[in-house]
Amino acid sequence: MHRSNGRLSPLLVAGLLLAPVLLGAAEGTVSAGSGGTALPGATFSIPVTVVLNSGVSVETLSFGLQIDSNGGAPAIAGPLSFTADPSMPAASLVDPSYKPNVISVAWLSSFGPPMTGTKTLGVVTVTVPASAQAGQTYTLKIIGASASLGSYAVLLSTGPDATLTVGSSGGGGGGGGGGGGGGGGGGGGGLPPDFTISSVFPASQTVVQGSAVSYSVLIVGLNGFNYSATLDCKGLPAGATFSFTPNPAPPGTSVLQITTTDATPLGTTTFTVTAVSGTLSHSATATLKVEGAADFKVTASPATNWAAPGTSASYTITVAAVNSYNETVSLSCAPGLPAGITCGFSPASLKPGNSTLTVTTSASTAAGNYNLTISGSGPGGLIRNTSVVLSVGGTFDFSVGVSPSSQTVVAGQQVVYTVTVSSAGGFNSSVALACAGLPTGVSCSSFSPASVTPSPTAAATSRLTVSAAANATAGTAAFTVAGTSGTTTRSGTAALAVGPGLDFSLSASPASQAVSPGSAAAYTVTIAAVGGFNSAVSLACTGLPAGVSCAFSANPAMPGTSTLTVSTPASMSSRNLSFTVGGTSGALSHSTPVTLTVGTPPVIPSGSVTNGASFSAGASAGSIITIFGTRLTGLSAGTVVGADKLPLPTDLRGVSVTVNGVPAPLFAIANVNGVEQINLQIPFEVTGLAKLTIVVTVSGAISDPVEVALQREQPGIFVVGDWTTGAGAILHGADYALVSSSNAARRGEVVLIYATGLGPVRNAPATGRPASSSPLSETTVVPTVTFGGATATEVLFSGLAPSFVGLYQVNVRIPTGAPSGSVDVVIIISGQASKAVKLAIQ
């Protein structure tokens, strides 16, 4: 574990970046079927399966299977054989030579992609000794299983032993000639031949409307079964058809092809494959997801722009993908542009993204509004259009408006108006604001801002505060707001009614206090008369939690003071209380905010919610962040407590964090050199919100809520060690070794960059759970990566790193034009750039 400057290393924040968390318990199980019955001299098939725990992936796997004779049963005399499932690659090693009753099978080359979930590995076949007697048994057992992910071992357990029972030899003769299940009973005492559908692979697939997809159906014979079965498929969506090759099919593999039409409904359905042979019938299920065809749409911003004759106006044209569209789209303006108007695009052809449209007018272009149509053309004749308006010429001028048109103010109070300055004819100059005509005792306190500059496409606004003194003249008057730009003045009007001046104001002193649980705090509440007010005011507290009480020394109270006493229970947890003291007299009502700190709650200073890799302030959904503050953990200096299980817990040693009310998964809590911090994942559930409200609870003590702007992306690259060296957490793609000054990267090689905050992904895992390797969770936006200022042209993968929580991985090829030495590496996504880290390039 690395520490520096009172902060945990980003490597720990990522959850041990280069190695999965090993919990000491098995992460999967390898099993050898459920046993069965076979005749003397017959063959028996043993399906071998692996079940991997949720979130576990493996790239290599091996197992051994042993068949032991029980009692007086003769030993297995011949070697065992293995047939891999159609969904699996051929095994690298199949070794039956150790003992006649043992076989070893291994896949030593990495699966691509890594294996997850439940998988049928294949079938081990054994011949029952001809001298075996009915009723004798054999034990089928997995004697060893292992797997790995990269250079790290994945712990597998072995499933329960199964039993093979020898059937009656007389039954064998009847079964051999009976043509299916019927003849098996003729000899009496033996189980008839049977079969099973071992798997339909893949278990789930996706097809585009109008296309076809294929599955493999594996039929495994049992008890000497060697007949054909007729295959059928039920439950497909409307319009989808199917065929099997071959059909009927003997034991082995038949290919199921499913063909959809353009009208096949979108969505996911579960279908059933059934095989029938004589009176025998067996089924298996799989799923099919139908997606719409890839498409795109074209939009423009702004919808309207202005240009003087002889000048240009620009628009942003966006090509957006629909259903993962990723083809090149060519942009053009529709024929028939008005005389003297031309248009150009930069770039003119692009994959989904943004292009700049520049529309240029001539000096002779007539004033008016022109509708322009922009077309996007993709392969196969796919065309999508949008339109914009170009406003040419017009009188260079502006207008001033005031809203609302009328308001009422009580003497001694304020009201606020909104002043809007709108452009005409392309006006885009600064306008200074002033007001006149207000009644006696009423003034324009402020314009915020005092001058504004509208654009040809957007008005500008200012907040006008109007104040009435306690002795302001009652009545209604119209006033004027004037805007001046150069020698031009334009104005707008509004009305103001000044009401009766009798009123009061309310305040509390001090505004904030701190006490220990079980103690009381005293505040002085002041009722100040306004305009000769001299009536009783009823006082009350609102917003206090259960168990906390308040009392006033005088209530109701005349203008003057009353002592407020707030009492807390001894059992109360530390927290900050914000409550309100209100006063009511007839129709008049006023209040003042008051705060009370009970005990020592956690404190999160402004700007202390940071990206977990770069420690820059901010957050994005699904990313790793670090919160710094005071009393955040309850730990002594030098103590670190990390999560020891997946999915990540939402509580560590009594510390929890909520993000907009959603419990956040925690990586670690720490007190490093007296600096307390919490490392956590921002829940995916807050995606799309504008801001986050974060609350930390420590053994019941509750912090004040902290508001943080939620960014769609906030890229940060992890470093090795600390930020004083700035060495990025970047691996060689060939051997996954860390790039360092002594093991530098080369131009043209693929490296793996570990980061966080790269934004939304497809196939997002549940909050707190590791990302899957199949399917991968790719970012919806492909980032740009620069090496010493040279931009990489090949980003091979960008998404969540499989088996990790909140950790992103970018696989990118170093450009051949990158400089050598210790260079800056930067990830840029949706215009957001990460802090630079260092990479050694030779």
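This is a short tour of a predicted model, stop by stop, for you to follow in your viewer.

**Stop 1: the whole protein**

Start zoomed out, with everything shown as a cartoon. You will be looking mostly for arrows: the protein has two helices and 68 strands. Turn the view along the principal axes, and the C-alpha atoms fill a box of roughly 120 × 85 × 60 Å. The radius of gyration is 38 Å, whereas a compact globule of 842 residues would come out near 28 Å.

If you switch on the surface, you are seeing about 35,400 Å² of accessible area, with 52% of it belonging to carbon and sulfur atoms. Beneath it, buried residues account for 45% of the 842 residues.

**Stop 2: an open sheet**

Now select residues 43–52, strand E5, together with residues 118–127, strand E10. These two strands run antiparallel to each other and share nine bridges. For a close-up, show Val-50 and you will find Lys-119 of E10 standing opposite.

Widen the selection to see the open sheet that holds this pair: five strands in the order E7-E10-E5-E3-E13, with mixed pairing. Colour 81–84 (E7) and 157–158 (E13) to mark the edge strands, each of which pairs on one side only.

**Stop 3: the neighbouring pairings of E11**

Next, pick strand E6 (60–69) and strand E11 (137–149). They pair in the antiparallel sense over ten bridges. Zoom in on Ser-69, whose bridge partner in E11 is Tyr-138.

Then add strand E14 (162–166). E11 pairs with E14 too, again antiparallel, over four bridges. Here, look for Thr-139 opposite Thr-163 of E14.

**Stop 4: the largest nonpolar core**

Show side chains for Ile-46, Leu-61, Phe-63, Leu-65, Ile-67, Trp-107 and Leu-121. Among the 40 residues of the largest nonpolar core, these touch the most other members. Several strands from the earlier stops come back here: E3, E5, E6, E10, E11 and E14 are among those that each supply at least two residues. E11 gives the most, with six.

Which residues does Leu-121 touch, leaving aside those up to four places away in sequence? Centre on Leu-121 and look for Val-48, Thr-49, Val-50, Leu-61, Phe-63, Phe-82, Ala-84, Asp-85, Met-88, Trp-107 and Met-115.

**Stop 5: another core**

Finally, select Phe-684, Ile-717, Val-739 and Val-810. They are among the 29 residues of another core, which lies apart from the largest one.

Technical notes: Residues are numbered from 1 along each chain as its sequence is written. This is a predicted model: local features need pLDDT of at least 70, side-chain atom pairs count only at pLDDT 80 or more; totals for chains, interfaces and linings use all residues. Side-chain values use heavy atoms; hydrogens and water are left out. Two strands pair if DSSP finds at least two bridges between them. A nonpolar core is a set of buried Ala, Val, Leu, Ile, Met, Phe, Trp, Tyr and Cys residues joined through side-chain atoms within 4.5 Å. Buried means under 20% relative accessible area, exposed over 50%, partly exposed in between (1.4 Å probe, protein chains only). Contact means heavy atoms within 4.5 Å. The radius of gyration is taken over C-alpha atoms; the globule rule is 2.2 Å times the number of residues to the power 0.38. Accessible areas come from the Shrake-Rupley method with a 1.4 Å probe; for residues, only the protein chains shown count as cover.
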